[in-house]
Amino acid sequence: MGAVDMPADGRRARRTATVPAAVPRPAPANRITWVALAFMTTSSVASLRASPTMAVYGLACIFLYLVPAIVFLLPTSLVSAELASGWSGGVYRWVSEGLSKPLGFLAVWCQFAMTIFYYPSLLAYVASTLAYVFDPKLASSGVFTAIVIMALYWLGVLVSSQGTKSVAGLSSAGLIVGTLVPGTLLLVLGIVFLGQGHPSAAPMTASHLLPPYAGLASLVLIVNNFLSYSGMEMNAVHVSSLRNPGREYPRSMFLAVLLVLAIFIVPALAISWVVPSGQLSLTAGVMQAFDAFFAEFDVGFLTPVLGIMLIAAALGGMLTWLAGPSKGLLMIAREEGYLPPFLQRLNKHGVQRNILVCQGAVTTVIALLYAFIPDVSSAYWILSVITTQVYLIVYLLIFVSAMRLRRTKPDHPRGYRAPLLPVLCVVGFAASVAALAIGFVPPSQFKSGAVGGYIAIVAGGAGVVGLLVPFLFYRLRRPSWRTPAAEQAGEPA
């Protein structure tokens with residue numbers, strides 16, 4: 001889709017010239033394939049977790065998924081492919097080269113900090129799914145949800161501490177077993193269900209292709225689609241682990257885009273066929289659908305099996321997020337001295353152990369919110385929105401940096417050039433701003449507390465974690481916090 005850079009004399013560059021010198025060749029033991037990276041990216045972006053949110057709109061979920069894909073997913077994927085094939089180091093390198101090092105630190109911090117809220121919301125979905133393995137009534141228990149969040153996060157830290165190669169294998173297996181297989185099964189069961197003459201719980205006529213407009217609050221759930229599509233650029237930090245980054249990273253991104261769209265749209269439709277929108281839980285909707293299907297076909301004993309498979313996919317996605325953003329933060333913290341030495345220490349596998357542990361302490365505290373907020377779906381939604389607000393800061397910086405780098409460094413070696421880059425950046429930037437604004441509007445499904453309280457929680461959470469904390473780290477940094485080059489190469493501190 002994009003053109004390979006050509007040398008000044010007009011002759012086609014040799015294949016090795018498409019890889020920027022700044023992207024190091026990976027050691028064979030740490031090398032991963034572009035397909036594995038595509039699966040890692042898909043695992044970190046797509047899951048069945050978001051399906052209930054859009055299933056409430058029935059057939060209109062196709063429209064509500066395609067619009068964000070066009071204005072956000074496509075620009076993000078193509079722009080990230082160009083930046084990653086030209087500059088190693090992930091979002092920090094992209095933004096620091098395009099704008100400034102302080103803004104580069106802000107970008108990589110926000111990419112990392114959003115996971116503080118992402119893990120509880122992801123693992124709340126896991127807890128609701130796990131409830132169907134034991135007792136569906138537990139899906140609405142805040143105490144049960146909090147316990148599961150804490151236990152699974154710390155288990156994820158233990159696994160991630162074994163290194164990136166282990167994470168790549170587990171996340172790929174989780175994607176296949178817990179997302180692709182259950183998603184396909186949902187579609188098949190849905191088709192059989194309708195084929196037997198059962199009416200769809202949601203209208204499937206052409207007049208329902210667009211969502212009904214009943215005020216801004218009724219449409220605000222679309223902001224969750226921006227969160228669903230977030231993360232396409234996150235695994236760019238692993239670009240140096242590819243054999244030929246310039247050629248293989250764009251290929252990996254395009255495969256991931258196709259998988260992401262299929263995983264989001266098809267299961268959401270299948271759920272809308274069997275579970276009425278008024279009965280859908282934002283955390284347990286997928287299991288509600290499987291439970292209804294299996295009850296209809298008298299195979300209810302399969303519900304726990306599917307629950308375990310879905311849990312495997314969610315945990316694979318969590319492992320990918322644990323491995324990516326924290327690694328990016330570690331790299332620049334060591335290079336520039338943005339974090340104190342304690343947070344820069346590595347274990348024997350070269351993994352940022354102390355960063356993960358400190359993040360886990362905060363995640364544990366946030367998990368306790370589920371024990372005190374009566375409506376688990378409301379807690380889930382609040383954390384999801386805060387996650388989106390913090391992460392959108394990253395995309396605003398990426399789009400501006402990409403435009404500036406294309407203008408100021410047009411001859412810098414790039415393995416891939418995104419077509420119509422200025423248009424992609426403007427569209428993506430505008431979509432991010434719109435999502436940022438609409439995130440402060442409570443959805444119609446939100447019933448806990450006043451509107452003012454909702455806005456204060458979202459703004460406070462995003463402001464403190466996304467802006468105040470990185471500002472303090474930057475102001476308090478010390479030259480002595482820089483780590484010697486030998487330790488930056490991966491030696492335990």
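Mentor: Let's begin with a definition: buried means under 20% relative accessible area, exposed over 50% and partly exposed in between, with a 1.4 Å probe and protein chains only. This is a predicted model, where local features need pLDDT of at least 70, side-chain atom pairs count only at pLDDT 80 or more, and totals for chains, interfaces and linings use all residues. Residues are numbered from 1 along each chain as its sequence is written, and side-chain values use heavy atoms, leaving out hydrogens and water.

Trainee: Is S272 buried or exposed?

Mentor: Start with its place, helix 10 (residues 245–274); helices are DSSP runs of H or I, at least four residues, numbered from the N terminus. Leaving aside neighbours within four places in sequence, S272 is in contact (heavy atoms within 4.5 Å) with A55, G58, S200, A201, A202 and M204. Its relative accessible area is 1%, so S272 is buried.

Trainee: Nice! How far apart are the end C-alpha atoms of helix 13?

Mentor: The expected span is 1.5 Å times one less than the number of residues. For the twelve residues of helix 13 (residues 325–336) that gives 16 Å, which agrees with the end C-alpha distance in the model, 17 Å.

Trainee: And which residue follows helix 13 with a positive phi?

Mentor: Helix 13 itself is mostly covered, with nine of its twelve residues buried. Phi is positive, near 75°, in the residue that follows, G337.

Trainee: What is the relative accessibility of D298?

Mentor: D298 lies in the loop between helix 11 (285–296) and helix 12 (303–323). Though not a glycine, D298 has a positive phi of about 60°. D298 counts as exposed, its relative accessibility being 66%.

Technical notes:
Helix = DSSP H or I, 4+ residues; strand = E, 2+ residues; numbered from the N terminus.
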